[in-house]
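Biologist: Please take a close look at the pairs of charged side chains here, and then place them in their wider setting. I am in my first year, so a slow and connected account would suit me best.

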Amino acid sequence: DPWVCAGSEGRFYYSGLAFNRGGKESAVFVARFEDTNDKEGGDTIDYRGVKIVATGNAGQFVDMPRMAVDVPRGASNDHIFLVYTVFVGNLEKTIRSKMYCSRSTDGGLTWSSPTKLSESQHIIQGAAIAIDPLSGDVYVAFRRFYHNSQDSGIVVVKSTDRGSTFSSPQVIATFLNDTFDQPATPDEVTYPDPNDYVPGESFRTNSYPTIAVDDNHRVFVAWSQRNYGPSGEAR
């Protein structure tokens, strides 16, 4: 799940996920790079190191990191926000997930303890982050999947203190079932030998939101959704 964001003064950042396919170890990380603009005929991009922001274990798999970078706003370093999902429990039977945000105020050198964004939300993932260009307020939109106590939907949280705390989740769209998505059909089958995995006839895709904020503090969220056209097409 690679993600790249530009920072100030030639800096940019690359986040991603590393995991053991046995399912017991996982981690999300942020690597730092800088365009030094001092090598006339060669590569001016210098690697500045990497930091592991969060790790998982046999009972908690960290997944789907998403990142945004804000301007220094009077400080000397970029402010970076990394949002990721943690899947807990038995993924085949009792899947549950949580969403966290960790921030760096020194250009990715150190990272804060994570803040939970998904209080009272049961199965969520697919974060998108936007920063108000004037105020620096941070918005995170994410997808909520159907649970026996909650409809599918799109949820947004907001921070007015540069990621230290976030508001309670606000649901901006709900649906009675998972009409966002295209499942794999027929059901995917895994034979006794994992190498004999047979996919469905169509690829599985989930709809996740995208979000942006303009210079009048207006927040825009967009997503794809099925069953809206004359024959159930997406809109």
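**Charged pairs and their surroundings**

Modeller: Aspartate 214 counts as buried, because its relative accessibility is 17% and the cut-off for that word is under 20%. Before going further, please keep in mind that what you see is a predicted model. The partner of aspartate 214 is arginine 218, and in this salt bridge the closest N and O atoms are 2.7 Å apart. Arginine 218 has a relative accessible area of 47%, so it is classed as partly exposed, a class that lies between the limits of 20% and 50%. Elsewhere, Glu9, Arg11 and Asp78 are joined into one network by salt bridges that share partners.

As a general point, side chains of opposite charge can pair when their charged atoms come close. In this model the count of salt bridges is eight, and two further examples are worth following in detail.

One of them joins aspartate 70 to arginine 162, with 2.7 Å between the closest N and O atoms. Aspartate 70 belongs to strand 5 (residues 60–70), while arginine 162 sits in the loop between strand 11 (152–159) and strand 12 (170–175), so this pair ties together parts that are 92 residues apart in sequence. Both partners, aspartate 70 and arginine 162, are buried.

The other example is the salt bridge between lysine 158 and aspartate 137, whose closest N and O atoms lie 3.8 Å apart. This pair, too, links distant parts of the chain, with lysine 158 in strand 11 and aspartate 137 in the loop between strand 9 (124–131) and strand 10 (138–144), 21 residues away in sequence. Lysine 158 has a relative accessibility of 31% and is therefore partly exposed, whereas aspartate 137, with a relative accessible area of 12%, is buried.

Strand 5 and strand 9, which entered the account through these pairs, lead on to a pocket. The second largest pocket holds about 150 Å³ of space, and strand 5, strand 9 and strand 13 (210–213) are the elements that each give two or more residues to its lining. Strand 9 contributes the most, with four residues. Among the lining residues are Trp3, Met64, Arg66, Gly126, Ile129, Tyr208 and Ile211. Sorted by class, the lining of this pocket has nine nonpolar, two polar and one charged residues.

It remains to place these strands in the whole. The protein has 14 strands and zero helices, and of its 235 residues, 44% count as buried. In general, strands of a sheet pair through backbone hydrogen bonds, either parallel or antiparallel. Here, four strands form an open sheet in the order 1-2-3-4, with antiparallel pairing. Strand 1 (3–6) and strand 4 (45–55) are the edge strands of this sheet, since each pairs on one side only, and from one strand to the next the twist averages 20°. Within the sheet, strand 2 (residues 11–19) and strand 3 (residues 26–35) run antiparallel and are joined by nine bridges. If you want a single spot at which to see this pairing, look at serine 15, which stands opposite valine 30 in strand 3.

How values were computed. Residues are numbered from 1 along each chain as its sequence is written. This is a predicted model: local features need pLDDT of at least 70, side-chain atom pairs count only at pLDDT 80 or more; totals for chains, interfaces and linings use all residues. Side-chain values use heavy atoms; hydrogens and water are left out. A salt bridge is a side-chain nitrogen of Lys or Arg within 4 Å of a carboxyl oxygen of Asp or Glu. Buried means under 20% relative accessible area, exposed over 50%, partly exposed in between (1.4 Å probe, protein chains only). On a 1 Å grid over the protein atoms alone, a cavity is a set of points where a 1.4 Å probe fits but cannot get out, and a pocket is an open set with protein on both sides within 12 Å along at least five of seven lines; lining residues have an atom within 4 Å of a point. Grid points are joined across faces, edges and corners, and a volume is the space filled by probe spheres set on the points. Ala, Val, Leu, Ile, Met, Phe, Trp, Tyr, Cys and Pro count as nonpolar, Asp, Glu, Lys and Arg as charged, and the others, Gly among them, as polar. Two strands pair if DSSP finds at least two bridges between them. Axes are lines fitted to C-alpha atoms, for helices over the stretch in contact, and angles run from 0 to 180 degrees between N-to-C directions.
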